[in-house]
Amino acid sequence: MDTGSPRTGGRMTVGLEISQWKYLSDESGDPRMHCVLSVRVDGAGSAGGPGGPVLAQVLAVDCSSSMSWPVEKLHAAQQAALAAIRKLPDGTPFAVVRGDHRASMVYPDAPGMVRASPGTRARAARAVHDLVAGGGTCIGAWLDLCRRLLAAQHAPIGHVLLLTDGKNQHDDQMPLGPVLDACDGRFVCDAWGIGDGWDGRELVGIATRLHGSADAVREEQDLPAAYEKLMDGLVAKSVPELRISVTTMPGCSVRYLKQVFPHEAELTGEDGTNFVTRAWGDETRRYQLCLSADPEGRPHGEDLQLAVVAVDAPGTGARLPAPQPCLVHWTENPALSQHTDAQVEHFGQHQRLGEAVAAATDAHRQGLRDEAERHLGRAVQLAHAVGAAEHLDRLARLVRVEDARAGRVVLRPEAAAVDFERLITVSSHSTYGPSSGTAPGAGPAPDRATTRCPRCSGASPAAARFCPACGHRFEERR
């Protein structure tokens with residue numbers, strides 16, 4: 001769909017495309033229209049806005065007693081924190097928080113944040129080197145201190161990088177749920193697991209609620225490099241937020257809008273129609289919009305407008321796309337109404353992949369190996385269908401794949417519980433999916449010639465405009 005002509009000046013450009021299959025049956029008891037919105041930003045570095053640092057960063061490091069063994073675990077956490085600190089641009093407000101059954105300052109030693117400079121980075125490094133492990137785990141207390149630190153800053157993008165090796169044990173002291181309510185919209189949080197005792201669902205729940213991503217490393221020594229890569233992407237973000245508004249027509253309402261690419265994230269809307277998305281650089285994201293539609297009294301056999309979607313980038317002076325319509329065409333022809341939009345189906349398969357992984361994890365915890373194997377086979381089949389290479393790599397730690405397309409697998413005898421937790425974190429990640437306008441049920445057009453994406457190193461068709469794994473735009477291929 002045409003993104004429309006820009007409506008404001010400025011060098012930063014925001015794009016919007018809507019993918020949907022407009023035909024619905026009026027015989028359904030609860031008709032729902034599903035659309036996928038592709039939103040892209042180009043030239044984020046040229047966006048106008050207030051002066052001063054764009055990013056404020058808090059590193060929250062688990063220092064509970066379980067981090068003391070094996071000794072490589074705390075050492076890896078220290079090296080990862082140091083790697084992140086080294087990546088901070090001069091002038092960036094930052095702090096390091098120690099987490100156990102409470103939360104305390106590592107650097108600076110009094111509550112507050114300091115600006116990154118050669119001197120403050122060196123002093124922070126010494127404080128991180130002196131960390132010792134002891135105590136329990138209360139993630140709510142850690143996030144609450146992070147919230148208070150970032151609330152005192154004027155940087156438009158607040159970010160928390162959280163690392164833990166365990167489960168939230170002291171929820172009675174500071175319940176995590178209310179803390180997440182207080183933190184929602186205040187900052188972005190990426191949550192990482194280390195070791196073998198953390199809870200994948202807990203990390204995914206924190207990250208999706210706070211607009212970040214969850215992940216983990218299998219080997220402790222891989223953590224510093226992972227932190228460096230994450231920080232490289234973070235410091236490239238210069239747009240605090242984009243706003244997506246959905247104006248519905250009579251007889252239509254918004255059921256939800258959620259981010260589905262590059263990872264799942266919850267979005268809360270003002271009055272259910274205005275949604276805020278956080279921390280943008282030059283990138284593309286995809287969102288699934290679900291609308292309830294009432295066919296009563298509506299004409300058949302013609303396109304009707306259900307809603308209008310618009311995107312704004314407050315304070316940036318960006319060139320914005322024209323608002324785009326979501327349509328419905330009521331029909332009694334099942335040959336039309338039974339189809340599904342290709343992008344909607346793609347992210348539906350990702351959702352089913354996550355459900356299969358969750359079911360396999362529950363079965364394995366209960367000692368039901370045959371059932372776990374069956375669900376993992378389904379996960380392999382779905383990951384193969386959507387081209388989820390990262391999922392397949394982690395699934396290979398758990399099963400021997402005999403036929404990916406058919407989902408025939410054999411559970412490995414050495415399959416470990418932590419590998420299921422790592423699989424849960426990656427199940428919240430997604431692949432880009434088919435391009436707009438692709439026929440219902442079809443994947444990306446086949447293309448034997450491939451090249452490597454400069455952002456994620458994934459293989460992509462040579463003629464593609466976007467990397468199917470990370471959504472990076474190939475400007476040079478136009």
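Which residues is His 350 in contact with, leaving aside its neighbours within four places in sequence?

**Exercise 1. Place His 350 and list its contacts.**

Solution. The model is predicted: local features need pLDDT of at least 70 and side-chain atom pairs count only at pLDDT 80 or more, while totals for chains, interfaces and linings use all residues. Residues are numbered from 1 along each chain as its sequence is written, and side-chain values use heavy atoms, with hydrogens and water left out.

Step 1. Find the element: His 350 sits in helix H8, residues 342-365. Helices (H or I, at least four residues) and strands (E, at least two) are DSSP runs, numbered from the N terminus.

Step 2. Decide between buried and exposed. Buried means under 20% relative accessible area, exposed over 50%, and partly exposed in between (1.4 Å probe, protein chains only). His 350 counts as buried because its relative accessibility is 3%.

Step 3. Collect the contacts, meaning heavy atoms within 4.5 Å. Leaving aside neighbours within four places in sequence, His 350 is in contact with Val 386, Ala 388, His 391, His 429, Ser 430 and Thr 431.

**Exercise 2. Describe the surroundings of Tyr 107.**

Solution. Step 1. Strand E6, residues 103-107, contains Tyr 107.

Step 2. The relative accessible area of Tyr 107 is 11%, so Tyr 107 is buried.

Step 3. Not counting residues up to four places away in sequence, Tyr 107 touches Phe 94, Ala 95, Val 96, Val 114, Thr 120, Arg 123, Ala 124 and Ala 127.

Step 4. Take one of these, Arg 123. Tyr 107 and Arg 123 are 16 residues apart along the chain, and 8.0 Å separates their C-alpha atoms.

**Exercise 3. Characterise the second largest cavity.**

Solution. Step 1. On a 1 Å grid over the protein atoms alone, a cavity is a set of points where a 1.4 Å probe fits but cannot get out; lining residues have an atom within 4 Å of a point. The structure holds 2 cavities of 30 Å³ or more.

Step 2. The second largest cavity has about 30 Å³ of space; a volume is the space filled by probe spheres set on the points, which are joined across faces, edges and corners.

Step 3. Its lining consists of Leu 59, Ala 60, Val 61, Ala 77, Ala 81, Leu 161, Leu 163 and Tyr 227.

Step 4. Strand E4 (55-62), helix H1 (71-87) and strand E8 (157-164) each supply at least two residues of this lining. The largest share, 3 residues, comes from E4.

Technical notes:
1 Å grid on protein atoms, 1.4 Å probe; cavity = no way out; pocket = protein on both sides within 12 Å on 5 of 7 lines; lining within 4 Å.
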